[in-house]
Amino acid sequence: MSFEISGSIKTIFPEQTFQGGFNKREFLLTTKDGKFEQEMNFECVKEKVELVAHLQEGDAVTVSFDIRCREWQGKYYTNLVAWKITGSGRGNTKPATDEAPFEPDDVILDEEPPF
């Protein structure tokens, strides 16, 4: 199931690479929820890290994403995995790809997850 949300880029984190060549890049999105701002941490994995390359802090964007959850050593971790990012009129954001959503079966971590 895919979701979509709009907001502005607050922070873009450096790309991370793990054993086996798995890579990801995270960014923080700020959005209004009623009268309060909410911040959400998204990640782009594998070839989707390129979606973040054209973003700048303050850019207004719409993020299409999937929610993924997995168990590891008795704990559950939920991730917001972005697969499409489009600009909504501010900043230097270039439209991102219209490719299909990321398939989570492609990800295999060779080490402990970075949580």
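**Exercise 1.** Where is Met1 found relative to strand E1 (2-12)? Then classify Met1 by its exposure.

*Solution.* Keep in mind that we're working on a predicted model.
- Step one: Met1 sits in the segment that comes before strand E1, which covers 2-12.
- Step two: the cut-off for exposed is over 50% relative accessible area. Met1 has 79% relative accessibility, so it counts as exposed.
- Step three: look at its company. Met1 joins Phe3 and Ile67 in a nonpolar surface patch, and together they have about 330 Å² of accessible area.

**Exercise 2.** Find how many salt bridges the whole structure has, then work through the one between Glu39 and Lys10.

*Solution.*
- Step one: searching the whole structure turns up 4 salt bridges.
- Step two: the Glu39 and Lys10 side chains meet at 2.4 Å, N to O, and the cut-off is within 4 Å.
- Step three: place the partners. Glu39 belongs to strand E4 (residues 36-45) and Lys10 to strand E1, so this pair ties together parts 29 residues apart in sequence.
- Step four: check exposure. Glu39 comes out partly exposed at 42% relative accessibility, and Lys10 is partly exposed too, at 39%.

**Exercise 3.** Work out the burial of the partners in the Asp66 and Arg68 salt bridge, then pick out the network.

*Solution.*
- Step one: the side chains of Asp66 and Arg68 meet at 3.3 Å, N to O.
- Step two: Asp66 is buried, with 3% relative accessibility, while Arg68 is partly exposed at 27%.
- Step three: for the network, follow shared partners: salt bridges link Lys24, Glu26 and Glu43 into one network.
- Step four: zoom in on Lys24 and Glu26, whose side chains meet at 3.2 Å, N to O. Both of these residues are buried.

Key:
Residues numbered from 1 in each chain as written. Predicted model: local features only at pLDDT ≥ 70, side-chain atom pairs only at ≥ 80, totals over all residues. Heavy atoms only, no water. Patch = residues over 30% accessible without salt bridge, like charges linked within 9 Å, V, L, I, M, F, W, Y side chains within 5 Å. Areas by Shrake-Rupley, 256 points an atom, 1.4 Å probe, with all protein chains shown as cover. Helix = DSSP H or I, 4+ residues; strand = E, 2+ residues; numbered from the N terminus. Buried < 20%, exposed > 50% of the residue type's maximum accessible area, 1.4 Å probe, protein only.
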